[in-house]
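Student: I'd like a close look at one part of this structure, and then a walk outward from there. Could you take me through it slowly?

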Amino acid sequence: MFLDREHSIAPQGYSRWRVPPAALAIHLAIGQAYAFSVFNLPLSTLVGIDKAAPTDWKLSTIGWIFSTAIICLGLSAFTFGRWLEEAGPRKAMFCAAVCFAGGFFVAALGVQLHQIWIIYLGYGVIGGIGLGLGYISPVSTLIKWFPDKPGMATGLAIMGFGGGAMIGSPLAVALMAHFKTPTSMGVAETFLAMGAIYFVFMMFGVFTVRLPAPGWTPNVARAPEAQTPMGGSARRAGHAPPGADVHVDEAIKTKQFWLLWAVLCLNVTAGIGVLGQASPMIQEMFPGVIGAAAAAGFVGLLSLANMVGRFVWSSCSDIIGRRMTYMIFFVLGAALYAAIPTTGRLGSVTYFVAFYAVILSMYGGGFATIPAYLRDLFGVMHVGAIHGRLLTAWSVAGVAGPVLVNYIREYQIAHGVAKANAYSVTMYIMASLLILGFVANYLVKPVDASYQWKGAAHG
Amino acid sequence: MGERVKVALAWLVVLIPAVWGVGQVVSKSAALFK
C-alpha cells in the first residue's frame, strides 16, 4: 500500500532537501492551533451575532477547545509515538491530516447545531490527536536524512509549527469575513474551508516524504557523528557512545530522560504564560503609551521571534552543542526576565520589546533543539517515540505557565499593587524557574552503557 | 523533471504561504513603532 513504510523508501538520486518541505507542510498546517483564539469572539456571538445572547457560549467555555486540543496533542504523541516508528512517516502524516481536517469538519457540525461538546470532540479531541501525530511524525525521518545537522533539520520543521499561526490567523479572519452574513458569523463555513485547505496542504507532505534507504549516508565532507551532551563526540568508560540506540521503554527509565523532561517543562513554562498574556501585559506596563493596535503588533513580533528562534537556535546547537545551547537559554533567559521590571520602571518600550523577543526566541529554540538532544542521548531508533513521551512536559507547562502568570497577577492586584507593577513578582519567578532548568540541564550526562539497545533478543 | 527543479518546487509550495503569513505579521508589528 502507498502509505506503508516500505513504499516510502527514497529511490536512488532522491535529494534529501525535499524532505524538510514535506515536514514543513505538516507543521505549518497544525501550527494553526496557536491561532485558534481568532475564533473565540465569533464563537461567543453565534446566536446574538452583533452582541452575545443569553444562550451564547462564554469565553471561558470556548477557551476549553484549545486546552483540550493541547492536552490531546501531548496524549496522542505519548500514545502513538511507538506506532509511528513502525508505521513510518507517510502513514502517520496521513492519519494526522485525516484527524486534523476531520476535527475541523466535526467542529463545523458543532457550530451549526450550536453544541459545544461536538466542538470539544471535533477540534479538541480528534483535531488534538492530529496535532500530536503531525508534530512528531517528521522528526525521526529528518534526523535520519540529516545525521550531520539534526538540529537544523528538526528546527526547520518545528519552525513551521511556530509559523503556522501566522498563516492560520489571517486566513481564518479572511474566510470569516467572506462567509459572514447578517444571520451567520460564518464560522461553520470557515471550519469546513480550513479543513479542506489544510487537508490538501498536508497531503503534499504525505506524497513528498521519503525515508532514506538502509545504509544511506549523506554525501558530505564531515563524517556525521552524534554529540555527547557536553558537545564533543568522545566516549567515556561506562557510557553509551553518543548516538547509540536506546529502546523507548528503557529511555524513560534513565535520569537523562527526566532531566530533559524538566528542562523542556521549565523552559516552556517560562515562555508560554507570557505568550498568552502578552497583549494586556504590555498595555498595563506602559499605560497611555501602548494601545491595542500596538499591543497586537507586539504579539505578532513575539510570534515571529518564536518562529525564527526555532531555526536559529537549533542550527546553532549543531555547532556549540545541545547542552551549551540550553545553558545559554537558562542563563540569558533568567537575566532578561529579571531585567524586565526595570524596563517597565524606566518606561523603555524598546528594551522591553527587545528583551521579550530574545526570550521568546529561546522559548521556540527549546522546542526545536530537544529532538536533536534526544538523538544525541538515545540514538535514532526510537527518537520519535521518546520525543512523543517527552512532550507530556509541554502539556504540564501549558497549564502551569498561564496559571502562574494570571493568578499571581490577580493576587498582586487584589492586594493593592498597581497594574504596571503587578508582573514584577511573576518575572522573578520565571527567572527562578529558568535557574532550576539550568541545574537540570547541567546534570545531564551521557546515558549509561547498560541501557544501550542490544537487539531484539534482549527485549 | 530534474531533481533540483523538484526541490525548488517543493520549497515554493511551503514558502509562499509562509512568506504571506510573515508579511501579515510584520505589517501589523509596524504599529508598535509608530
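Is A:W313 buried or exposed, and how many other C-beta atoms lie within 10 Å? Please start there and then tell me about the surroundings.

Tutor: Happy to, and keep in mind that this is a predicted model. A:W313 is buried, because 25 other C-beta atoms sit within 10 Å and 20 or more is the cut-off for that label. The residue belongs to helix α11 of chain A. If you set aside anything up to four places away in sequence, A:W313 touches A:T325, A:S361, A:M362, A:G365, A:A368 and A:T369. To get a feel for how the chain comes back on this spot, look at A:G364: it is 51 residues from A:W313 along the chain, yet their C-alpha atoms are separated by 8.4 Å.

Now zoom out to the helix that carries this tryptophan. α11 covers residues 292-320 of chain A and contributes to the side that touches chain B. In fact, α11(A) gives the most to that side, with nine residues. The other elements of chain A that give two or more residues there are α1 (19-30), α7 and α8 (187-208). Overall, the contact between the chains takes 24 residues from chain A and 19 residues from chain B. On the chain A side, those residues split into 16 nonpolar, seven polar and one charged.

What does the partner look like? Chain B has one helix and zero strands. Its C-alpha atoms fill a box of roughly 50 × 10 × 5 Å along the principal axes. Of its 34 residues, 21% count as buried.

The helix of chain B, α1 (residues 3-29), also meets α7(A): their axes come within 8 Å and cross at roughly 75°. That angle makes α7(A) roughly perpendicular to α1(B). From α7(A), the residues at this crossing are A:G163, A:M166, A:I167 and A:P170. Facing them from α1(B) are B:P17, B:A18, B:W20, B:G21, B:V22, B:Q24 and B:V25. By class, the residues of this contact are eight nonpolar, three polar and no charged. If you wonder about the spacing on each helix, an α-helix has 3.6 residues a turn, so residues three or four places apart point the same way.

α7 has a second job to describe, this time inside chain A. The domain assignment splits that chain into domain 1 (17-208) and domain 2 (248-444). Taken over C-alpha atoms, the centres of the two domains are 23 Å apart. Their contact takes 28 residues from domain 1 and 30 residues from domain 2. On the domain 1 side, the elements that give two or more residues are α3 (59-87), α6 (139-145) and α7 (150-179) of chain A. α7(A) gives the most to that side, with twelve residues. By class, the domain 1 side has 16 nonpolar, eight polar and four charged residues. So if you click on α7(A), you are looking at a helix that gives residues to the domain contact and also to the side of chain A that touches chain B.

Another piece of chain A to put on screen is α10, residues 255-285. This helix bends by about 70° at A:A278, and a proline, A:P280, follows within four residues. 22 of the 31 residues of α10(A) are buried, so the helix is largely enclosed by the rest of the structure.

Back in α1 of chain A, have a look at A:V19. This valine counts as buried, with 29 C-beta neighbours inside 10 Å. Leaving aside neighbours within four places in sequence, A:V19 is in contact with A:T141, A:L142, A:W145, A:V209 and A:R210. A:V19 and A:M203 are 184 residues apart in sequence and 13 Å apart in space, C-alpha to C-alpha.

Finally, two backbone oddities in loops. Most residues other than glycine have a negative phi. A:I49, in the loop between α2 (40-43) and α3 of chain A, has a positive phi near 60°. A:H114 has a positive phi of about 55° although it is not a glycine, and this histidine lies in the loop between α4 (89-113) and α5 (116-136) of chain A. As for their surroundings, A:I49 counts as partly exposed, with 16 C-beta neighbours inside 10 Å. A:H114 is partly exposed too, with 14 other C-beta atoms within 10 Å.

Technical notes:
Residues are numbered from 1 along each chain as its sequence is written. Chains are lettered from A and ligands numbered from 1 in the order in which they are written. This is a predicted model: local features need pLDDT of at least 70, side-chain atom pairs count only at pLDDT 80 or more; totals for chains, interfaces and linings use all residues. Domain bounds come from an automatic or database domain assignment. Two residues are in contact if their C-beta atoms, placed from the backbone, lie within 7 Å. Ala, Val, Leu, Ile, Met, Phe, Trp, Tyr, Cys and Pro count as nonpolar, Asp, Glu, Lys and Arg as charged, and the others, Gly among them, as polar. A residue is buried if 20 or more other C-beta atoms lie within 10 Å of its own, exposed if 12 or fewer, and partly exposed in between; C-beta atoms are placed from the backbone. The bend at a residue is the angle between axes fitted to the seven residues ending there and the seven starting there. Axes are lines fitted to C-alpha atoms, for helices over the stretch in contact, and angles run from 0 to 180 degrees between N-to-C directions. Angles under 35 degrees count as roughly parallel, over 145 as roughly antiparallel, 65 to 115 as roughly perpendicular and the rest as oblique.
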